[in-house]
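Open the model in your viewer and switch to the cartoon view. This tour visits a sheet, then a helix.

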Amino acid sequence: MADQEQDLKKTLNQLFDEYILAHNEKEKIEELKGRAGALFDSLEGQDKINLYKYLPNQLIRHKSIECLQIEKESQTNSIAKMLSKEEVDMGNINDTRKALHLIYECLKAGDTEEGMQPLVSLLKTYDSNETATPGIDTESLASIAVLNHFKYGMKLGQNPTSWQFDTICGLRAVRNLQTSRDNECRLLYTLLYSIFAAGKCSEYMSFYAQNKALIEGKWNLENDTLTSKVRTLSLCTLCSEAGQSVSYTAISQALCIATEEVEMYVIEAMSLGLLNAKIDSMSQQILVKSVHHPLLETTHWSVLRDKLLSWYTAVGTQITTFDEVRVQQVKEDREQDRIEANAGRHR
């Protein structure tokens, strides 16, 4: 056994030395990849994982799928965690999807946020290429991605980007849920896009009443948490549509709360960085300076463009006015100099 370890160590050191001297020479790198692959194939289980961690990525990356499969079967995730922080590209679309799917499978066991990014990255590959990959159910994965967004997104203490719906709603696989043959998939898309991304608290109340068993049962979502989140999003939507001042009455109606609770939700939205406003308790209104948009669609970009154009026009008008005033001032200064010069000659 000791002799085998010594031989392995010697082989690894030789591979490293040759790799350093190769200077990215294509033919030499391919040769070293072949030798590294052969060495990998000669090992078993955890030894393969250790080799993968030890060798340079350029020599062993082509064995990622096999390593991830070993981790999935052994319920470990060290390689999966490492790859989840990198851009995964296995050279062809199917292998890339398989690798991302395995990373997600390895990380999802702990029911944590770690599996979200590889899952979203996997679904993004279908935006430009909808060709199916065997063994990967995109509709099921899209549903999981939406549920994860409800579970792990929109958290207290997180920055405003965690309350953004552009990425999840922009995925083609997620958009396809709205036309799914599965009624639950269509309902899930309605909850995501038409209620939460749109900030419609009253519609959520009706949706929950009709689908309570589905939300709290199969989807395993907490109504109290969802209600708090949709109220915050509804406040953002209301402030973005209402203009600079929003009354307590309008807020209480949009959020389905008592007027006495308005300031609590306004303060919470401000603490999250979702709302920049001044509370005017005397007149029972808030004065909005800026607000977070949960989902930026074409209409929002049009409004932003119009505002920028109006600001550009206003600035141009001011510059023209300043130029005219400056020209007039120069004329007046010259005229004054001429008058003073004439007066000096007459003396």
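Two strands pair if DSSP finds at least two bridges between them. Helices (H or I, at least four residues) and strands (E, at least two) are DSSP runs, numbered from the N terminus. This is a predicted model: local features need pLDDT of at least 70, side-chain atom pairs count only at pLDDT 80 or more, and totals for chains, interfaces and linings use all residues. Residues are numbered from 1 along each chain as its sequence is written, and side-chain values use heavy atoms, with hydrogens and water left out.

**Stop 1: the sheet.** Select β1 (245-247) and β3 (285-291). Three bridges join them, and the two run antiparallel. Find S247: Q285 in β3 stands opposite. Now add β2 (275-280). The three strands form an open, antiparallel sheet in the order β1-β3-β2. β1 and β2 are the edges, each with a single partner strand, so one side of each has no neighbour in the sheet.

**Stop 2: helix α15.** Select residues 248-255. Which residues of α15 are buried (under 20% relative accessible area, 1.4 Å probe, protein chains only)? They are Y248, I251, S252 and L255. Look down the axis of α15: these buried residues fall within an arc of 100 degrees (taken from the directions from the helix axis to the C-beta atoms), so they line one face. An α-helix has 3.6 residues a turn, so residues three or four places apart point the same way.

**Stop 3: the surroundings.** Show α13 (201-218), α14 (223-242) and α16 (262-271). The buried residues of α15 pack against these helices and against β1, β2 and β3 (contact: heavy atoms within 4.5 Å).

**Last stop.** Select C256, which follows α15. Its phi is positive, near 60 degrees.

Terms used. Buried means under 20% relative accessible area, exposed over 50%, partly exposed in between (1.4 Å probe, protein chains only).
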